[in-house]
Amino acid sequence: MAGQQSIILHHYDRSPYSEKIRLALRMKNLGWCSVDIPNIMPKPLLMPLTGGYRKTPVMQIGADIYCDTAMILRVLEERFPMPQIELPGHEGLSSMIGSWTDGKWFQTSVGIIFGALGDHVPEEFKKDREEMSGRPFDTKAMAALAPMLRDQWRAQLHWIEERLEGGQGAGGGQWIIGMKPGLVDVHVFMNPWFMEQNVPDFLETCFKTAPRAKDWYERMKEIEGQTPETITGEQAIEIACNAAPRLKAAKTEGELQEFVPGEHVAVAPDDYGRDWVEGEIVIATPERIILHRHDEQAETINIHFPRTGFMVRRVG
Ligand SMILES: N[C@@H](CCC(=O)N[C@@H](CS)C(=O)NCC(=O)O)C(=O)O
């Protein structure tokens, strides 16, 4: 039964970023609740919780809302440390790898996938993505670039192949770094998974010259976890209403913009979907910022964002 301590993931099945979190939940064998959200705006049952942040996924525990996979993965590790997936000695590495998988590699995947889907991409989806990015979402232009993007995509897969081959000399070679699967593997998994969901033949072709990467990918897919409990967006809001945000002593740590606790600020992603979320600072450190908000439907909420990839500005 979903309750105030349950992990609630607001996501949709085909979302590659959400798959990172679902994979981490499987690796930690955690129980969780699933709220299916739309893949385009409007998202009327998500906005009361996030204060306007629209991207997928979002994690909720009671009245604490965690935005962006970087924040979600960090918090899963902090709140549910066993088994550890930020492997000892690899601290910081997964974020560096993640900035490549989420950046250049993901953009290459998007071009190939939507170029291949072409006319099957619904008009309202294209319109939504144009509004979200401020750029044309031109599947014909993507299709024209696809042959070159495919070369690029496979070249990046070959980094994985090289890594796995090199790791064998160190007695490993089963996982991207070290003797166990960890957060680095989670980040690397996302793009092959996204490709398999949409253009599986292309993934198979790439695996022909990257057999170690193929075996690694199959090993990752064998990791089993718990089946989530499905709940509705309304239930998730009710859980937030009945909970209070986790108590945290308000603090800011050497803020470069000299923010202080309680200050009214706005936070937005620095790439696409730049929707500003306003609130009062509870905590601001070099790696996270937590805003306190009151919403008519969700009531009192704390919203957590990572600092990398997010802009913060004073309001008023
Ligand atoms: N930096 C974000 C990126 C998330 C992202 O771009 N997610 C895609 C879906 S996989 C998205 O939000 N698309 C628009 C939407 O779902 O409304 C993260 O790591 O969570």
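Two strands count as paired if DSSP finds at least two bridges between them. Helices (H or I, at least four residues) and strands (E, at least two) are DSSP runs, numbered from the N terminus.

With that in hand, select Met 59: its bridge partner in E4 is Tyr 66. Before going further, note that this is a predicted model, where local features need pLDDT of at least 70, side-chain atom pairs count only at pLDDT 80 or more, and totals for chains, interfaces and linings use all residues. Residues are numbered from 1 along each chain as its sequence is written.

**Stop 1: the hairpin and its neighbour**

Show residues 58–61, strand E3, next to E4; the two pair in the antiparallel sense over four bridges. Together E3 and E4 form a hairpin with two residues between them, and Gly 62 in the turn has a positive phi of about 65°.

Now colour strand E4 (residues 64–67) by side. Are its faces covered or open? Both are covered, with Asp 64 and Tyr 66 on one side, Ile 65 and Cys 67 on the other, and all of these buried. Burial here is a count of other C-beta atoms, placed from the backbone, within 10 Å of a residue's own: 20 or more is buried, 12 or fewer is exposed, and in between is partly exposed.

Next, add strand E10 (residues 299–306), which runs parallel to E4 and is joined to it by three bridges. Click Tyr 66 again, and you will find His 304 as its bridge partner in E10.

While E10 is on screen, pick Glu 299, which lies in that strand. Its phi is near 65°, a positive value in a residue other than glycine. Glu 299 is partly exposed, with 16 other C-beta atoms within 10 Å.

**Stop 2: the ligand**

Which residues are around the ligand? Select Ser 15, Pro 16, Tyr 17, Asn 39, Arg 54, Lys 55, Thr 56, Asp 68, Thr 69, Ala 70, Asp 102 and Gly 309. A residue is taken as near a molecule if its C-beta atom, placed from the backbone, lies within 6 Å of it.

Colour this shell by type and you get three nonpolar, five polar and four charged residues. In this scheme Ala, Val, Leu, Ile, Met, Phe, Trp, Tyr, Cys and Pro count as nonpolar, Asp, Glu, Lys and Arg as charged, and the others, Gly among them, as polar. Helix H1 (16–27) and helix H3 (69–79) each supply at least two residues of the shell.

From Thr 56 in the shell, step along to Pro 57: a cis peptide bond joins the two, with omega about 5°. Pro 57 is found in the loop between helix H2 (47–50) and E3.

A second cis peptide bond to visit joins Met 82 and Pro 83, with omega about -10°. Pro 83 is found in the loop between H3 and helix H4 (93–117).

**Stop 3: the core**

Select the largest nonpolar core, which has 78 residues; Ile 8, Ala 24, Leu 49 and Ala 240 have the most contacts inside it. Such a core is a set of buried Ala, Val, Leu, Ile, Met, Phe, Trp, Tyr and Cys residues joined through C-beta atoms within 7 Å. Helix H7 (residues 183–198) gives the most to this core, with nine residues.

Centre on Ala 24. Leaving aside its neighbours within four places in sequence, Ala 24 is in contact (C-beta atoms, placed from the backbone, within 7 Å) with Leu 73, Leu 76, Ile 85 and Val 186.

**Stop 4: strand E7**

Show residues 264–269. Which side chains of E7 are buried? Val 265, Val 267 and Pro 269 point to one face and are buried, while His 264, Ala 266 and Ala 268 point to the other and are not.

Four bridges join E7 to the antiparallel strand E8 (residues 277–284), where Glu 280 is the bridge partner of His 264. E7 also pairs with strand E11 (residues 310–314), in the antiparallel sense over five bridges. Look for Ala 268 opposite Met 311 in E11.

Then move to Glu 258, in the loop between strand E6 (251–252) and E7. Glu 258 has a positive phi, near 60°, and is exposed, with 9 other C-beta atoms within 10 Å.

**Last stop: zoom out**

Show everything: the protein has 10 helices and 11 strands. Its C-alpha trace spans about 55 × 45 × 45 Å along the principal axes. Buried residues make up 39% of the 316 residues.

Notes
Contact = placed C-beta atoms within 7 Å.
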